[in-house]
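User: I would like a close look at one part of this model. Please take the first helix and say what its residues touch and how far they are covered.

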Amino acid sequence: MKVFLLSLTASIASGYASYYLIRGCFNTLLWLFDYELTTSQRIFVIENGYLAFVSGMVVGMVGFWRLFRSRT
């Protein structure tokens with residue numbers, strides 16, 4: 001049970017980290033190129049932010065599981 005809770009916590013943390021990392025990079029690009037988004041483009045970015053969160057969770061869980069399994 002301890003391993004499950006640790007892997008769940010690590011996956012959620014990596015999901016948030018990947019989401020904010022991608023969002024920060026995107027905002028920096030918008031700032032550098034001085035570009036304004038339309039409403040439909042903002043909705044597209046928000047919808048794909050969820051995919052970044054889920055993929056970060058999967059990568060974090062797999063990474064944590066591989067690290068934990070290599071120690072035993």
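Analyst: What follows starts with the whole chain and then goes along the helix residue by residue.

The model is predicted. Its secondary structure comes to two helices and zero strands. Helix H1 covers residues 2-33, and helix H2 covers 39-71. The C-alpha atoms fill a box of roughly 50 × 20 × 10 Å along the principal axes. The radius of gyration is 16 Å, whereas a compact globule of 72 residues would have one near 11 Å. Of the 72 residues, 15% count as buried. Contacts reach far along the sequence: among those between residues at least 6 apart, 85% join residues at least 24 apart.

Serine 11 is a suitable place to begin, and it is found in helix H1. Its relative accessibility is 0%, so serine 11 counts as buried, the cut-off being under 20%. Leaving out residues up to four places away in sequence, serine 11 touches Gly56, Met57, Gly60 and Met61. These four contact residues have numbers that fall within the range of helix H2.

Serine 18, also in helix H1, can be read in the same way. Serine 18 counts as buried because its relative accessibility is 18%, which is under the 20% cut-off. With residues up to four places away again left out, serine 18 touches Ala52, Phe53 and Gly56. Gly56 is therefore on the contact lists of both serine 11 and serine 18.

Glycine 56 also comes up with alanine 13, whose place is in helix H1. The C-alpha atoms of alanine 13 and glycine 56 are separated by 8.5 Å, although the two residues are 43 apart along the chain. Unlike the two serines, alanine 13 is not buried: its relative accessible area is 45%, so alanine 13 counts as partly exposed.

The aromatic residues come next. Three aromatic pairs are counted in the model. One of them joins tyrosine 19 and tyrosine 20, with 5.0 Å from centre to centre and 70 degrees between the planes. That pair is edge-to-face, because planes over 60 degrees apart are classed that way. Tyr16, Tyr19, Tyr20 and Phe53 form one aromatic cluster, and Phe53 is also one of the residues touched by serine 18. Tyrosine 19 is partly exposed, because its relative accessibility is 22%. Tyrosine 16 lies in helix H1 and is likewise partly exposed, with a relative accessible area of 45%.

Tyrosine 16 and tyrosine 20 also belong to a nonpolar surface patch of about 820 Å². The other members of this patch are Met1, Phe4, Leu5, Leu8, Ile12 and Met61. Helix H1 supplies the largest share of the patch, six residues. Met61 has a second role in this account, as one of the contacts of serine 11. For the chain as a whole, about 6000 Å² is exposed, and carbon and sulfur atoms supply 71% of that area.

Past the end of the helix, aspartate 34 is placed in the loop between H1 and helix H2. Aspartate 34 is exposed, since its relative accessible area is 68%. Its phi is near 50 degrees, a positive value in a residue other than glycine.

Notes:
Residues are numbered from 1 along each chain as its sequence is written. This is a predicted model: local features need pLDDT of at least 70, side-chain atom pairs count only at pLDDT 80 or more; totals for chains, interfaces and linings use all residues. Side-chain values use heavy atoms; hydrogens and water are left out. Buried means under 20% relative accessible area, exposed over 50%, partly exposed in between (1.4 Å probe, protein chains only). Contact means heavy atoms within 4.5 Å. Rings of Phe, Tyr and Trp (its six-membered ring) pair if their centres lie within 6.5 Å; planes under 30 degrees apart count as stacked, over 60 as edge-to-face and the rest as tilted. The radius of gyration is taken over C-alpha atoms; the globule rule is 2.2 Å times the number of residues to the power 0.38. Accessible areas come from the Shrake-Rupley method with a 1.4 Å probe; for residues, only the protein chains shown count as cover. Patches are made of residues with over 30% relative accessible area and no salt bridge: like charges are joined within 9 Å, nonpolar side chains (Val, Leu, Ile, Met, Phe, Trp, Tyr) within 5 Å. A salt bridge is a side-chain nitrogen of Lys or Arg within 4 Å of a carboxyl oxygen of Asp or Glu.
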